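Thanks for coming. I will put the structure up and then go through a few points on it.

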Amino acid sequence: MMHLLQKNSPIPAYMAYPRFLLTMDISETAKLVYVLLLDRARLSMKNDGWEDEQGHVFIYYTIADLASASGKSEMTVKNALAALEQKHLISRERQGAGLPSKIYVRVQTENCPTGWTTFKPQTDKKLSTSNKQRKTNEKPIRNYDYEEGDSL
């Protein structure tokens with residue numbers, strides 16, 4: 001059942017969608033696959049045994065599992081992974097015949113908050129209801145006068 005969001009509403013499980021993806025010239029599928037990989041990498045960051053000798057976190061995520069999680073075909077996922085590699089958002093290290101590749105997820109670290117307590121929104125402007133109000137910072141005039149018999 002869906003409910004309107006309130007201040008104390010529980011939030012369902014979610015995946016982080018980095019802002020830099022919004023302006024990247026890659027397909028929406030590649031962006032979705034990247035978000036799935038990043039989500040898996042965040043789990044690897046918290047668990048022992050998922051980093052190499054240099055301290056780089058890696059993940060295993062098979063093509064079949066990515067296709068299932070994204071609702072895309074395996075060929076579409078392969079194309080998305082190739083696009084992510086081309087844009088240097090991931091790198092893959094083959095492990096041998098029949099084994100899944102190690103996947104290293106790269107992140108853009110500029111403008112990254114170091115923790116939730118230090119995170120500041122990108123803007124502190126209040127949302128307005130019109131362009132005119134935004135430009136002039138005037139409050140809209142509302143007329144709440146009505147006569148008996150008028151419809152609201």
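**Salt bridges and their surroundings**

Searching the whole structure turns up 2 salt bridges. Keep in mind that this is a predicted model. I will take the pairs in turn.

The first pair is glutamate 28 with lysine 31, where the closest N and O atoms lie 3.6 Å apart. How far apart are these two residues in helix α1? They are 3 residues apart, so about one helical turn separates them. As a reminder, an α-helix has 3.6 residues a turn, so residues three or four places apart point the same way.

The two ends of this salt bridge sit in unlike surroundings. Glutamate 28 has a relative accessible area of 56%, which is over the 50% cut-off, so glutamate 28 counts as exposed. Lysine 31 has 5%, under the 20% cut-off, and therefore counts as buried.

Now the helix that holds this pair. Helix α1 covers residues 28-46. It has 19 residues and reaches 28 Å from its first C-alpha to its last, close to the 27 Å expected at 1.5 Å a residue. Lysine 31 is one of the buried residues of α1, and others among them are Val33, Tyr34, Leu37 and Ala41. What do the buried residues of α1 pack against? They pack against β1, β2 and β3, and also against the helices α2 (63-70) and α3 (74-86).

Just a word on the segment before α1, where aspartate 25 is found. Aspartate 25 is exposed, at 67% relative accessibility. Its C-alpha atom is 9.0 Å from that of lysine 87, although 62 residues separate the two along the chain.

The second salt bridge joins arginine 92 to glutamate 85, with the closest N and O atoms 2.7 Å apart. Buried, exposed or partly exposed: which applies to arginine 92? At 30% relative accessibility, arginine 92 is partly exposed. Glutamate 85, at 28%, is partly exposed too.

Arginine 92 also leads us to the sheet, since its bridge partner in β3 is isoleucine 103. Strand β2 and strand β3, residues 102-105, run antiparallel and are joined by 4 bridges. The sheet as a whole is open, with 3 strands in the order β1-β3-β2 and antiparallel pairing. Its edge strands are β1 (59-60) and β2 (90-93), each of which pairs on one side only.

To recap, one salt bridge links glutamate 28 and lysine 31, and the other links arginine 92 and glutamate 85. That is what I had for today.

Notes. Residues numbered from 1 in each chain as written. Predicted model: local features only at pLDDT ≥ 70, side-chain atom pairs only at ≥ 80, totals over all residues. Heavy atoms only, no water. Pairing = 2+ DSSP bridges. Buried < 20%, exposed > 50% of the residue type's maximum accessible area, 1.4 Å probe, protein only. Salt bridge = Lys/Arg side-chain N within 4 Å of Asp/Glu carboxyl O. Expected span 1.5 Å × (residues − 1). Contact = heavy atoms within 4.5 Å.
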